[in-house]
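Trainee: I've got this model open and I'd like a close look at a single part of it. Could you pick one strand and take me through its surroundings?

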Amino acid sequence: MSKFKQKKEVGSQEISTASLPDIVFMLLFFFMVTTTMRETTINVQQKLPGATEVKKLERKNLVSYIYIGKPRQNFQKLYGTEPRIQLNDAFARIDDIRNYVISEREKVDENERTFLTTSLKVDQETKMGVIIDVKQELRKAGALKINYSSRRVTNIED
Amino acid sequence: MPRRPGGTFGASSMADIAFLLLIFFLVATTMDVDTGLSRKLPPIVQGDDQGDVIKERNVFVVLINANDQLMVEGKPMDVHKLRVEAKEFIANPSDKEDLPEKKLKEVPFFGEIPVTKGIISLQNDRGTSYEMYIKVQNELAAAYNELRNELAQRKFGKKYDELNKEHADAIADIYPQIISEAEPKNIGGK
């Protein structure tokens, strides 16, 4: 008798798929937990500028957003290519900002109103003219805490 | 109908259902966390209140024109050098005559310590690009953060971000981040 057994011809082996649902469920739970639904569709182009000294924005329920940038391709016929302001889901004019701030302020608790932050999500190619106007409006509306939304980068490239 | 023996149901479709849900959440996920530079706008000044007159040595003037060129204290400058210059201005380590004055101030944990009276004044044109503006804001913030970090490291042996609230407040008292933005001008056109 030989010391080494003759290898038996093994029939086509299959990996058990019984654990597949477990793996998929694990992924599923991960994504379910990390998901934050987009509340607004952004109709302006957004390439945020990079910065190294960024801080995380806490308490998202106390943040209102103002989007500024060129309208997206499918809106360009209607709104042109000049940078526009978007509040909630619609394009807006400078004068609408004050009412927007007021309505955002109504939404939160009275004792938390001082913590309200306005996050400016501005495309990096926008000229400061629009932003200056927006900032003046925010000052008039008394929304003084702002946040220049930017990406976290490790160093600034030219 | 008689019950099937064993009474099990096929678990193979479970994977399909899970996949379906998985794909839905994959698509719906936005992973981005909101990050940015936080600033506080000055309140609107009523009437023609000009405020206190500030000595020239206490102001660090940063101008950005419509072509995204930088002028700091009357000299053109590259944006990469801004951080070092700003740090020098805020800290004024060798008490130079043309850099800001210091005032003794009582700060918890530090006792009486000279605090700079320096203010950074940032002025930009309507034609300045937002990208450049953020770059400059970032460099100025970096200058403050580096100084705060150095001090925090020396005093508490920790980074500024890792300090508890009282320690962090004390450091922020010594290096208060004051970036003043002048009322906008329109020189270079749009």
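What follows is one long answer that starts at a strand and works outwards.

Mentor: Residue numbers start from 1 along each chain as its sequence is written, and letters for chains start from A, with ligands numbered from 1, in the order in which they are written. Keep in mind that this is a predicted model, where local features need pLDDT of at least 70 and side-chain atom pairs count only at pLDDT 80 or more, while totals for chains, interfaces and linings use all residues.

Let's go for strand 7 (145-149) of chain A. Helices (H or I, at least four residues) and strands (E, at least two) are DSSP runs, numbered from the N terminus. Is this strand covered or not? Mostly covered: 4 of the 5 residues of strand 7 of chain A are buried. A residue is buried if 20 or more other C-beta atoms, placed from the backbone, lie within 10 Å of its own, exposed if 12 or fewer, and partly exposed in between.

Now for the sheet. Strand 7 of chain A belongs to an open sheet of 7 strands with mixed pairing, in the order 2(A)-1(B)-7(A)-6(A)-3(A)-4(A)-5(A). Notice the strand from chain B in that list. At the edges are strand 2 and strand 5 (90-92) of chain A; each has a single partner strand, so one side of each has no neighbour in the sheet. Strands count as paired if DSSP finds at least two bridges between them. In general, strands of a sheet pair through backbone hydrogen bonds, either parallel or antiparallel.

Our strand shows both kinds of pairing. With strand 6 of chain A it runs parallel, joined by 3 bridges. Across those bridges, A:T118 is partnered with A:I146, and A:S119 with A:N147. Towards chain B, strand 7 of chain A pairs with strand 1 (residues 35-40) of chain B in the antiparallel sense, over 5 bridges. Here A:I146 stands opposite B:R39, and A:N147 has B:S38 as its bridge partner. So to speak, A:I146 has A:T118 as a partner in one strand and B:R39 in another.

How does the chain get from strand 6 to strand 7 of chain A? By way of helix 4 of chain A, and the three make a right-handed β-α-β unit. Right-handed is the case if, with the strands pointing away from the viewer, the path from the first strand over the helix to the second runs clockwise.

Chain B also lends a helix here. Helix 3 of chain B packs on the sheet and touches strand 6 and strand 7 of chain A along with strand 1 of chain B, its direction making about 75 degrees with that of strand 1 of chain B. Angles like this run from 0 to 180 degrees between N-to-C directions, with axes fitted to C-alpha atoms, for helices over the stretch in contact. Follow helix 3 (residues 130-156) of chain B further and you find it lying across strands 2 (59-64), 3, 7 (119-124) and 8 of chain B, at about 160 degrees to strand 2 of chain B. Contact means that C-beta atoms, placed from the backbone, lie within 7 Å.

Those four strands of chain B sit in an open sheet of 5 strands with mixed pairing, ordered 4-3-2-7-8. Strand 4 (75-77) and strand 8 (179-181) of chain B are at its edges, each with a single partner strand, so one side of each lacks a neighbour in the sheet. From one strand to the next, the twist averages 30 degrees. Strands 3 and 4 of chain B pair in the antiparallel sense over 3 bridges, with B:L70 partnered by B:M77.

Back to where the chains touch: 44 residues of chain A and 42 residues of chain B take part. On the chain A side, the elements that give two or more residues include strand 6 (117-122), helix 4 (128-141) and our strand 7. The most comes from helix 1 of chain A, with 9 residues. By class, the chain A side has 22 nonpolar, 11 polar and 11 charged residues, where Ala, Val, Leu, Ile, Met, Phe, Trp, Tyr, Cys and Pro count as nonpolar, Asp, Glu, Lys and Arg as charged, and the others, Gly among them, as polar.

Methods. Contact = placed C-beta atoms within 7 Å.
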